[in-house]
Amino acid sequence: MRKAFTFVLAVALSAGSFVSRAQDNQMANHLALGVTLGLDGIGLEAALPISPYVQARAGYSIFPYTHKQEVNLGSVEIGGQTKQLDKIPLSATMWKGGSGKLLFDIFPGKTTPFHFTVGAYFGGGKLLHTQTDLSKVLDPADYATLAIAYNQLKISTDPKGFVDLDAKIGSVVPYVGVGFGRAIKPGSRVRVTFDMGALITGRMKIQTYNYVNLEGKAQPVAVTSKALTDANGKQADNGWVDKIAGFPIVPMLKLNVFVRLF
């Protein structure tokens with residue numbers, strides 16, 4: 001995605017050197033750089049006009065906040081023995097590794113601020129990433145080698161003693177939405193725009209990992225409401241894992257501030 005960002009910047013800089021401002025047909029003859037704040041974190045975007053009716057944006061965002069707390073996991077079978085795991089450190093972050101985007105704003109009129117947006121988000125696909133720290137519960141020799149069972153779910157820690165859980169979407173996800181404002185408007189140096197839309201994920205995968213007998217390699221293990229059902233038929237999650245995984249979209253809201261360079 002960084003290549004797309006660089007490409008947009010290079011095209012705009014080269015085009016701006018030979019397209020006359022007097023004509024101002026908005027054919028790649030302007031460039032704006034902006035900062036964004038939204039549900040995908042904070043980021044940078046470059047924008048250039050393709051015509052008075054279409055503007056392209058490319059950028060990259062990261063989610064800078066990691067939530068940390070202690071959780072009570074209850075009774076867990078570890079290495080064939082039942083242990084009570086209380087006050088276990090857990091951390092959670094969104095959009096692990098960041099997310100790139102390539103978006104096209106489509107305007108109904110030459111000067112209208114309202115627009116439709118289509119495009120795609122790119123990244124590692126980890127919408128939510130959590131880590132549970134069992135390094136102080138287990139002996140180092142048991143990291144990635146000792147089986148852990150929770151109801152029908154059978155996993156292990158990684159080689160550092162952590163249990164990872166991810167909510168995964170595709171590495172390339174279509175985006176559709178609406179917005180208000182033009183990232184580039186001839187005659188205006190600073191522009192503020194707003195995006196509201198959704199990533200079309202279809203469904204997501206909730207998964208953790210097993211390392212036992214895999215020489216340090218991670219084997220994904222699907223986390224479902226069925227896997228969280230105990231011997232008495234009670235679901236630990238009350239079916240919420242399947243409901244969340246089956247939701248076909250991820251909503252998106254973003255506020256953007258652009259500065260036109262030329």
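**Strands, a pocket and a cavity**

Reader: In β18, which residue is the bridge partner of Ala-32?

Author: The bridge partner of Ala-32 in β18 is Arg-260, and I should say at once that we are looking at a predicted model.

Reader: Okay, and how many bridges join β1 to β18?

Author: There are 7 bridges joining β1 to β18, and the two strands run antiparallel.

Reader: What does β1 do with β2, then?

Author: β1 pairs with strand β2, which covers residues 41-51, in the antiparallel sense over 7 bridges. Within that pairing, Thr-36 stands opposite Gly-43 of β2, and the connection from β1 to β2 is a hairpin that passes through 2 residues.

Reader: What comes before β1, in the loop after α1?

Author: One of the residues placed in the loop between α1 (2-16) and β1 (32-38) is Ala-28. The phi angle of Ala-28 is near 60 degrees, which is a positive value in a residue other than glycine.

Reader: Is Ala-28 buried or exposed?

Author: Ala-28 counts as buried, because its relative accessibility is 14% and the cut-off for buried is under 20%.

Reader: Where else is there a positive phi in a residue other than glycine?

Author: Asn-238 is one of them, with a phi near 55 degrees, and Asn-238 lies in the loop between β17 and α2. In contrast to the buried Ala-28, Asn-238 is exposed, with a relative accessible area of 58%.

Reader: What about Ala-236, where is that one placed?

Author: Ala-236 is also in the loop between β17 and α2, and at 46% relative accessibility Ala-236 counts as partly exposed. Measuring from C-alpha to C-alpha in the model, Ala-236 and Lys-226 are 9.3 Å apart in space, while 10 residues separate them in sequence.

Reader: Switching topic: which strands form the open sheet of 4?

Author: The order in that open sheet is β6-β5-β11-β12, and the pairing is antiparallel. The edge strands are β6 (81-85) and β12 (153-155), each of which pairs on one side only. On average, and with direction ignored, neighbouring strands of this sheet are turned by 30 degrees against each other.

Reader: How many bridges does β5 have with β11?

Author: Strand β5, residues 74-78, and strand β11, residues 148-150, pair in the antiparallel sense over 2 bridges. If you want to find the place in the structure, look for Ile-78, whose bridge partner in β11 is Ile-148.

Reader: And how covered is β16?

Author: β16 is mostly covered, since 5 of its 6 residues are buried. β16 is joined to β13 by 4 bridges, with the two running antiparallel, and there the bridge partner of Lys-168 is Lys-205 in β16. β16 also pairs with strand β17 (residues 219-222) in the antiparallel sense over 4 bridges, where Asn-210 has Gln-219 of β17 as its bridge partner.

Reader: How much space lies in the largest pocket?

Author: About 1,000 Å³ of space lies in the largest pocket. The pocket is lined by 37 residues, and Leu-90, Thr-130, Leu-165, Ile-206 and Val-223 lie nearest its centre.

Reader: Which elements supply that lining?

Author: Several elements supply at least two residues each, among them β7 (88-94), β10 (126-133), β13 (162-168), β16 (205-210) and α2 (240-246). By class, the lining of the largest pocket divides into 31 nonpolar, 4 polar and 2 charged residues.

Reader: And how many cavities of 30 Å³ or more are there?

Author: A search of the whole structure finds 1 cavity of that volume, and the largest cavity has a volume of about 60 Å³. The lining of the largest cavity consists of 14 residues, with Trp-95, Phe-122, Gly-123, Gly-124 and Gly-125 nearest its centre. Strand β9 (residues 114-123) gives the largest share of this lining, 3 residues.

Reader: What classes are in the lining of the largest cavity?

Author: The lining of the largest cavity has 5 nonpolar, 7 polar and 2 charged residues.

Reader: Last one: is Lys-101 buried or exposed?

Author: Lys-101, which lies in strand β8 (residues 99-106), is buried, with a relative accessible area of 0%. The side chain of Lys-101 is joined to the side chain of Ser-61 by a polar contact of 2.5 Å.

Conventions: Residues are numbered from 1 along each chain as its sequence is written. This is a predicted model: local features need pLDDT of at least 70, side-chain atom pairs count only at pLDDT 80 or more; totals for chains, interfaces and linings use all residues. Side-chain values use heavy atoms; hydrogens and water are left out. Two strands pair if DSSP finds at least two bridges between them. Axes are lines fitted to C-alpha atoms, for helices over the stretch in contact, and angles run from 0 to 180 degrees between N-to-C directions. On a 1 Å grid over the protein atoms alone, a cavity is a set of points where a 1.4 Å probe fits but cannot get out, and a pocket is an open set with protein on both sides within 12 Å along at least five of seven lines; lining residues have an atom within 4 Å of a point. Grid points are joined across faces, edges and corners, and a volume is the space filled by probe spheres set on the points. Ala, Val, Leu, Ile, Met, Phe, Trp, Tyr, Cys and Pro count as nonpolar, Asp, Glu, Lys and Arg as charged, and the others, Gly among them, as polar. Buried means under 20% relative accessible area, exposed over 50%, partly exposed in between (1.4 Å probe, protein chains only). A polar contact is a pair of N or O atoms within 3.5 Å; within protein, one must be able to donate a hydrogen and the other to accept it, and residues adjacent in sequence count only if both atoms are side-chain atoms.
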